[in-house]
Amino acid sequence: MQNCSSLAADKGRLRAGKDSPEVRMLISANARANPAAGNGECARSSCSVTTTIDPDFCMGCGLCVQVCPARTISMQDGKAVVTGTYSMGCGHCEAICPVDAIRVEALEHPFTLSAAEVDDRWLPHGEHDTGQLVRLMRSRRSCRNYKDREVDRMVLEDLVKIGTTAPSGTNSQLWTFTILDSRKEVIILGEQVARFFHKLNRMAEKTWLRFFLKMFAGDALGKYYRRYYESIREGLLLWDRKGVDTLFHGAVAAILVGGRKSASSPMEDGLLASQNILLAAHSYGLGSCMIGFAVEAIKRDRQIQTILQIPEGESVYAVIALGYPAEKYKKAALRRKIVPRYPSLLKKS
Ligand SMILES: Cc1cc2nc3c(=O)[nH]c(=O)nc-3n(C[C@H](O)[C@H](O)[C@H](O)COP(=O)(O)O)c2cc1C
Ligand code: SF4
């Protein structure tokens, strides 16, 4: 999001000119909410409003007011005006305005991808082919066989961009994406994860330590020992002795999806973005696989965070292995039967 000073500079770009009422309102709202704004300092409430409305274009339909979740816009004398000092920057107003009178400067214009053609046309509810959507969803499988073919950086960046079309709590978009774009880098991360699990397994195989920790700090190490110790030991042996990659399955790239811990729901945001990336990867001809073991190692090992240049205050919530798939399925995924519950909320007790 741009800062307050660039917001002030943006007034020159407005179609209505720098003296238009909405520009004055925008700037004065910022100044009121944050006297430091002119010094280049930012406070959330002031910097958040980057919405501009051209009064010459506005025809007063009120649609933008109707969809604005933060009440940033209101109607005055038959025209929409920015009156709030807080905006979620969701862009609903800009997307609904029938005459293109609104622009939310904080958003990246235009939305483009390098490896696919996209346009801004909104798809009305019910108009997408659900069968095709579900086919894509069911055809995405966790890929554990990859070709020895690198993935272009532009494609990986497209995936990140597509990831950010996911919803995020209070539209904070405080997610972060770290790209490893070569097999060599994936191996470096793999070796670090292996080092972490070697250490963990050495701890877990000590009966006295599991017992001691259970007495004083809970049974987490015991649970790890019962559930994962043996399979991890086997995986590490295969890696160390034969170079068999049971962690990343030979993937040639990875996207680490993280978030600032200060966000309202960083993990949920990161995982929603991840699902978008998984689906888009399939559509781009790539195989993908979430690697939970790598997430655990990164979360608990500061040395790995340092190597990956993950700053303080950030956490990694998903590691997505990627590459061109060396496997083809005949049929789409099946799942276990699920029976939803209907609680009897309307029955009197
Ligand atoms: C949070 C999470 C972590 C996962 N971690 C791993 C992993 O470390 N290694 C792996 O091979 N697969 C991992 N998977 C993939 C699951 O095993 C896979 O999604 C599941 O078996 C269903 O298969 P499908 O993805 O092909 O539909 C993970 C999946 C999720 C959602
Ligand atoms: S949606 Fe556009 S035309 Fe309608 S009130 Fe808002 S700014 Fe004016």
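The shell around ligand 2 divides by class into 12 nonpolar residues, two polar ones and no charged ones. Keep in mind as you explore that this is a predicted model. Besides the ligand's surroundings, two other spots are worth a visit: the meeting of helices H6 and H11, and Gly 258 in strand E6.

**Around ligand 2**
- The shell of ligand 2 holds 14 residues, and those that come nearest are Cys 58, Cys 61, Cys 64, Ala 80 and Cys 97.

**Where H6 meets H11**
- Look for helix H6 at residues 130-139 and helix H11 at residues 266-283; their axes come within 9 Å and cross at roughly 95°.
- That crossing makes H6 roughly perpendicular to H11.
- On the H6 side, the contact is made by Leu 136, Met 137 and Ser 139, while H11 brings Leu 279, His 282 and Ser 283.
- Sorted by class, the residues of this contact are three nonpolar, three polar and no charged.

**Gly 258 and its neighbours**
- You will find Gly 258 in strand E6, which covers residues 253-260.
- Gly 258 counts as buried because 27 other C-beta atoms lie within 10 Å, and the cut-off for buried is 20 or more.
- Phe 177 is 81 residues away from Gly 258 along the chain, yet the C-alpha atoms of the two are separated by 6.1 Å.
- Leaving aside residues up to four places away in sequence, Gly 258 touches several others, among them Trp 175, Thr 176 and Thr 178.
- Further contacts of Gly 258 include Gly 270 and Ile 310, as well as Glu 314, Ser 315, Val 316 and Tyr 317.

Key. Residues are numbered from 1 along each chain as its sequence is written. Chains are lettered from A and ligands numbered from 1 in the order in which they are written. This is a predicted model: local features need pLDDT of at least 70, side-chain atom pairs count only at pLDDT 80 or more; totals for chains, interfaces and linings use all residues. Axes are lines fitted to C-alpha atoms, for helices over the stretch in contact, and angles run from 0 to 180 degrees between N-to-C directions. Helices (H or I, at least four residues) and strands (E, at least two) are DSSP runs, numbered from the N terminus. Angles under 35 degrees count as roughly parallel, over 145 as roughly antiparallel, 65 to 115 as roughly perpendicular and the rest as oblique. Two residues are in contact if their C-beta atoms, placed from the backbone, lie within 7 Å. Ala, Val, Leu, Ile, Met, Phe, Trp, Tyr, Cys and Pro count as nonpolar, Asp, Glu, Lys and Arg as charged, and the others, Gly among them, as polar. A residue is near a molecule or strand if its C-beta atom, placed from the backbone, lies within 6 Å of it. A residue is buried if 20 or more other C-beta atoms lie within 10 Å of its own, exposed if 12 or fewer, and partly exposed in between; C-beta atoms are placed from the backbone.
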